[in-house]
Amino acid sequence: MIRVFVIAVVCLTLARVSAAQERIALVIGNGAYDHMNYLANPVNDAKLIRDALSDVGFDVHVEYNATEDMMYAAFKAHGERLEGGGADAIGFVFFAGHGLQVDGLNFLLPVDAEVYSTADVYGEAPRLADLFKQLERGGNATNFVVLDACRNNNLTSSYRGGGGLARETSSRGTLIAYATQPGAVAADGSGSNSPYSEALAAMIGQPGLAAESMFRRVATQVEIVTNDVQQPWTESGLRGEDFCFAGCNGSAQPFSFNVPASSGGGASRDAAEPATPAFSIGAVPEQNYRNATEAFIAQRFSESATLYEAACSGGVMEACHDLAHSYENGYGVPKDIGRAQVFFSRACDGNLAQSCSILGLLYHTGQIDEPGGEPAMLQKAKTYYDRGCQGGDALGCDKAREIDTPDRDARPITPPQALYPSRAAEREIEGSCEVSLNVDSQGNPVDVTAECTDNVFTREAERALSRAKFAPKFVNGVAVERIGVVYPLEFSLSQ
């Protein structure tokens, strides 16, 4: 049974086994983004975690500011290293940088990603599932995946998935640890490292400390340092013996929490609990908007929604947009697309181009109904995209081009890579297969079946197509399921 310990950092996790087991790590730090806001700390975090892992016996491969091609290559190489390390190998992956979720799927953004729409995310960013496929290929018993991702950024309003990573389903033998709760964002940090990476690096080398206990301590430290703005989240399906990074012999040292001086000092958890601040609605709309933004960053969503509405009523169009976003995602108010439409429309009519583009997206994805059905909805979407584009919003321009662009079929982004079966080599035979599959609207291969000239090739052909990455089929700019793909594969002795 493969054990995958997922740590999502926004996100993090790890384990420790006997010295006889190979420990193999991949560390990626992405901060120097070409087309989105720069992050100061991911490279520093990658170096910090690299050193911490090396100190507990991991052989670490590091990538700094990795492009899309570099990330896919690194995932593949990591899977191959795990496979070479055998079933007892311990794998560890750490990613720091921008991460986001679309349609419930988690994506890790390379530094060359240029994303203005959902379609761009699918085409330019590796999915977390792509990494998991390589871990599965490795065939080793224990893996840890640490994602110090979803740093605070300005991307959220342009995507259907919103901020943060989506919650991953925990299974037997899997520990999923988020450096902050699912759907939220993690701090990049005001110093040289993120709060989660700094806390994790400090804990990894402590002997006698089981993984689950360690992550509880890390979580508590992060909450104290961030005054509960960032709240790590863990789901555990672990079984069997404890895992300890620095060995399970001996007793773990009592933990003294590092409470910032501003919190009042002391080692207790209660000492760091911030009192809920009272707030009032002022007479100056712009100040209400600034206060709302501060409350939203601190995740006091009910307060932020109230202040956004006051600022919007006072004519601050950015507040109308952010209030609409709150209704769209249920931040401090009931999730209500109808109310979101009202406030996006108000902001759009107030010449806020981004709101016009988001309105177009709501029509385009069918979240707002329009009499006249799909043709009328597409026309509405095109109208709002054009208004957003004319106002200088890149999302509106990109989506307007999508609607005007001819439909496209599903296509492979990462072509299938089939391995020549050892049983076929023993028989010295070659063969071919026709692999039938469907590609869902997220670009995932599903219902994969192969018909081959010899059954010895069937399993590998199906595995190869199941691991492939596709760009989904688009009709009128909307991703849809593609039924009945047939992909030919050849197996030759030269492989």
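## Loops, helix contacts and sheets in a predicted model

Glutamate 428 is found in the loop between helix H14 (422-427) and strand S11. In this predicted model, the phi angle of glutamate 428 is near 55°, which is a positive value in a residue other than glycine. With a relative accessible area of 62%, glutamate 428 is exposed, the cut-off for that class being over 50%. A second non-glycine residue with positive phi is asparagine 65, whose phi lies near 50°, and which sits in the loop that links strand S3 (59-64) to helix H2. Asparagine 65 has a relative accessibility of 26% and therefore counts as partly exposed, since that class covers the range between 20% and 50%.

The loop that holds glutamate 428 leads to S11, and S11 belongs to an open sheet of three strands, ordered S12-S11-S16 and paired in antiparallel fashion. The edges of this sheet are strand S12 (445-452) and strand S16 (482-491), each of which pairs on one side only. Averaged over neighbouring strands, and with direction ignored, the turn of one strand against the next is 20°. Strand S11 (residues 431-439) and S16 are antiparallel and are joined by eight bridges; among the residues concerned, serine 432 has glutamate 490 of S16 as its bridge partner. Helix H15 (residues 458-467) lies across S11, S12 and S16, and its direction makes an angle of about 150° with that of S12.

The loop that holds asparagine 65 leads in turn to H2, and the next step is the packing of that helix. The axes of helix H2 (residues 68-85) and helix H4 (residues 128-138) come within 7 Å and cross at roughly 20°. Because angles under 35 degrees count as roughly parallel, H2 and H4 are roughly parallel to each other. Their crossing is right-handed. On the H2 side, the contact is made by Tyr72, Phe75, Lys76, His78, Gly79, Glu80, Leu82 and Glu83, while H4 contributes Asp130, Leu131, Gln134, Leu135, Arg137 and Gly138. Sorted by class, the residues of this contact between H2 and H4 comprise five nonpolar, four polar and five charged ones.

Another helix pair is formed by helix H1 (residues 42-55) and helix H5 (residues 195-204), which pack at an angle of about 10° with their axes 9 Å apart. That angle makes H1 roughly parallel to H5. Asp45, Leu48, Ile49, Ala52 and Leu53 of H1 make the contact with Ser197, Glu198, Leu200, Ala201 and Ile204 of H5, and the residues of this contact divide into seven nonpolar, one polar and two charged.

What remains is a pair of strands, S4 and S7. Strand S4 (residues 90-96) and S7 run parallel and are joined by seven bridges, with isoleucine 90 standing opposite threonine 142 in S7. How many of the seven residues of strand S7 (residues 142-148) are buried? Seven of the seven are buried, so that the strand is mostly covered by the cut-off of under 20% relative accessible area. In a regular strand the side chains alternate between the two faces of the sheet. In S7, Thr142, Phe144, Val146 and Asp148 point one way, whereas Asn143, Val145 and Leu147 point the other way, and the residues of both groups are buried.

Terms used: Residues numbered from 1 in each chain as written. Predicted model: local features only at pLDDT ≥ 70, side-chain atom pairs only at ≥ 80, totals over all residues. Heavy atoms only, no water. Axes fitted to C-alpha atoms, helices over the stretch in contact; angles between N-to-C directions. Helix = DSSP H or I, 4+ residues; strand = E, 2+ residues; numbered from the N terminus. Parallel < 35°, antiparallel > 145°, perpendicular 65-115°, else oblique. Left-handed = near helix turned anticlockwise from the far one by under 90°. Contact = heavy atoms within 4.5 Å. Nonpolar A, V, L, I, M, F, W, Y, C, P; charged D, E, K, R; others polar. Pairing = 2+ DSSP bridges. Buried < 20%, exposed > 50% of the residue type's maximum accessible area, 1.4 Å probe, protein only.
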